Amino acid sequence: MISRRTLLSTGAVAIAGGAGVAAANAPSAHTLTAVDVHPRDYPTVEAVRWIGDEIARETDGRINFRLYPSGQLGNETDTVNLARFGVLDIARVYLGAVNNMFPATQPLALPYIFHNEAHMRRVVDGDIGREILATFERRGLIGLAFYDSGMRSMYNARHPIHTPEDMRGLKVRVPRADIFMSMLDAMGANATPIPFGEVFTGLQTHLIDAAENNWATFQSTRQYEVARYWSETEHCCAPEALLLSKQRFDTFSSRDKELILAKAQESVAVMRGLWDTKQANARQTVLDAGVQANQADKEAFRRAVEPMRRRYLADSAIARVVRRIEAQA
Ligand code: BDP
């Protein structure tokens, strides 16, 4: 089996157009490489493909995208860094991957910060969203857009979860990000960080009992085949981030830059259309396959994470943004 690291380095060679086996496939100077952990037909990947097609059309093919979906080029934190250093161009990542490097993104990932998806959309579409996107520039990235990621809930292979009590002793997979780890700890789970691509096998082999994610991911990764209980905690509604290498961006003329930024912004509406359909279909597929779904006691979960939320709110910059977000509920 080829290790992730080998893949990453061969991928990086191909992208940088270096010598050797990969050189034959090296993209031209105006090909932007875009990575995502999701498969080709996932809304985030389709939205980025849409941007590439639009830009290629407007520039008569002078600028085009090459997509590397399904985590081919490694985990999300690695791809963020590869983009910062100009090895790849566009990284679509979940917010946990950038929470530490870009603290301004933390409020958006806090549990129960958004009342519903409409609230999240309103916030990222407005001044708060724009201000947070602008902070990516401080460390080598252009924040292109925020995409939908729905609400994350809990699923497991053992029993329905109603209250945090039901989480005791469960090994719950979390993404390797401080916010997610402390969120799940606060809920009383045994938070186990494992990479996204290993969750299915982890559930299947009982290395873990549970995980949390949105309907679309639960379905597209087929994790529902091995975790038969979905419990609606809806604890997190963090959007996805679409990031572009600043090094690469700076090689374009101001006209091209405007085009890239404009198409990325336009893709948000495209993505939301795809997302709404995907989310509804994924939910139906999972329920039709016999997964048992229940409402969890969200108030009890909200109480459980309150001390953890308060620790984040001790940072006055975070507290200020949280107040503004709440004002838009
Ligand atoms: C999905 C995100 C993906 C993350 C994944 C995870 O779209 O970027 O890698 O969750 O939990 O919802 O790791």
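Select Arg-152 and the ligand together to begin: a polar atom in the side chain of Arg-152 sits 2.8 Å from an oxygen atom of the ligand. Keep in mind, as you look around, that this is a predicted model.

**Stop 1: around the ligand**

Stay with the ligand and add His-38 to your selection. An N or O atom in the side chain of His-38 is 2.7 Å from a ligand oxygen atom. Next, add Thr-217, where a polar side-chain atom lies 3.4 Å from an oxygen atom of the ligand. How much of the ligand's accessible area does the protein cover? On its own the ligand has 320 Å² of accessible area, and the protein covers 99% of that.

Now show the whole shell. There are 14 residues around the ligand, and those that come nearest are His-38, Glu-76, Arg-173, Asn-213 and Glu-240. If you color the shell by class, you will find 4 nonpolar, 5 polar and 5 charged residues. Try coloring by domain as well: domain 1 (4-149 + 238-267) and domain 2 (152-236 + 281-327) each supply at least three residues of the shell.

**Stop 2: helix 3**

Glu-76, one of the residues that come nearest to the ligand, is also a good way into helix 3, which covers residues 76-84. Select the helix and pick out its buried residues: Glu-76, Thr-79, Val-80, Leu-82, Ala-83 and Arg-84. Then zoom in on the start of helix 3, where a side-chain oxygen of Asn-75 comes to within 3.0 Å of the backbone nitrogen of Thr-77. Moving past the other end, you reach Gly-86, which follows helix 3 and has a positive phi near 75°.

**Stop 3: strands 1 and 2**

Select residues 31-35 to bring up strand 1, where 5 of 5 residues are buried. Rotate the strand to compare its two faces. Thr-31, Thr-33 and Val-35 are on one side, Leu-32 and Ala-34 are on the other, and both faces are covered.

Which strand is joined to strand 1 by 5 bridges? Select residues 64-68 and you have strand 2, which runs parallel to strand 1. To see how the two line up, show Thr-31 and look across to Asn-64 in strand 2, which stands opposite.

Just before moving on, find Asp-60 in the loop between helix 2 (43-58) and strand 2. Asp-60 is not a glycine, yet its phi is positive, at about 50°. Is Asp-60 buried or exposed? Asp-60 counts as exposed because its relative accessibility is 75%, and the cut-off for exposed is over 50%.

**Stop 4: strands 4 and 10**

Go to residues 141-147, which make up strand 4; 7 of its 7 residues are buried. Add residues 240-245 to see strand 10, which pairs with strand 4 in the antiparallel sense over 6 bridges. For a place to center the view, select Ala-145 and Leu-242, which stand opposite each other in this pair. Glu-240, where the strand 10 range begins, is among the residues that come nearest to the ligand.

**Stop 5: helices 6 and 7**

Select residues 117-125 for helix 6, and highlight Ala-118 within it. Ala-118 has a relative accessible area of 43%, so it is partly exposed. Draw a distance from Ala-118 to Gly-150: their C-alpha atoms are 9.9 Å apart, although 32 residues separate them along the chain.

Then move to helix 7 (residues 127-135) and select Asp-127. Its side chain and that of Arg-130 are joined by a polar contact of 2.9 Å. Asp-127 counts as partly exposed because its relative accessibility is 46%. For a longer view across the model, select Ala-282 too: the C-alpha atoms of Asp-127 and Ala-282 are separated by 32 Å.

**Stop 6: two loops**

The tour ends with two loop residues. Ala-189 is in the loop between helix 8 (178-186) and strand 7 (190-193). With a relative accessible area of 9%, Ala-189 is buried. From its C-alpha to that of Asp-178 is 15 Å, with the two positions 11 residues apart in sequence numbering.

Finally, select Arg-222, found in the loop between helix 10 (215-220) and strand 9 (229-236). Arg-222 has a positive phi near 60° and is a residue other than glycine. At 48% relative accessibility, Arg-222 counts as partly exposed.

Terms used
Residues are numbered from 1 along each chain as its sequence is written. This is a predicted model: local features need pLDDT of at least 70, side-chain atom pairs count only at pLDDT 80 or more; totals for chains, interfaces and linings use all residues. Side-chain values use heavy atoms; hydrogens and water are left out. A residue is near a molecule or strand if one of its heavy atoms lies within 4 Å of it. A polar contact is a pair of N or O atoms within 3.5 Å; within protein, one must be able to donate a hydrogen and the other to accept it, and residues adjacent in sequence count only if both atoms are side-chain atoms. Accessible areas come from the Shrake-Rupley method with a 1.4 Å probe; for residues, only the protein chains shown count as cover. Ala, Val, Leu, Ile, Met, Phe, Trp, Tyr, Cys and Pro count as nonpolar, Asp, Glu, Lys and Arg as charged, and the others, Gly among them, as polar. Domain bounds come from an automatic or database domain assignment. Buried means under 20% relative accessible area, exposed over 50%, partly exposed in between (1.4 Å probe, protein chains only). Helices (H or I, at least four residues) and strands (E, at least two) are DSSP runs, numbered from the N terminus. Two strands pair if DSSP finds at least two bridges between them.
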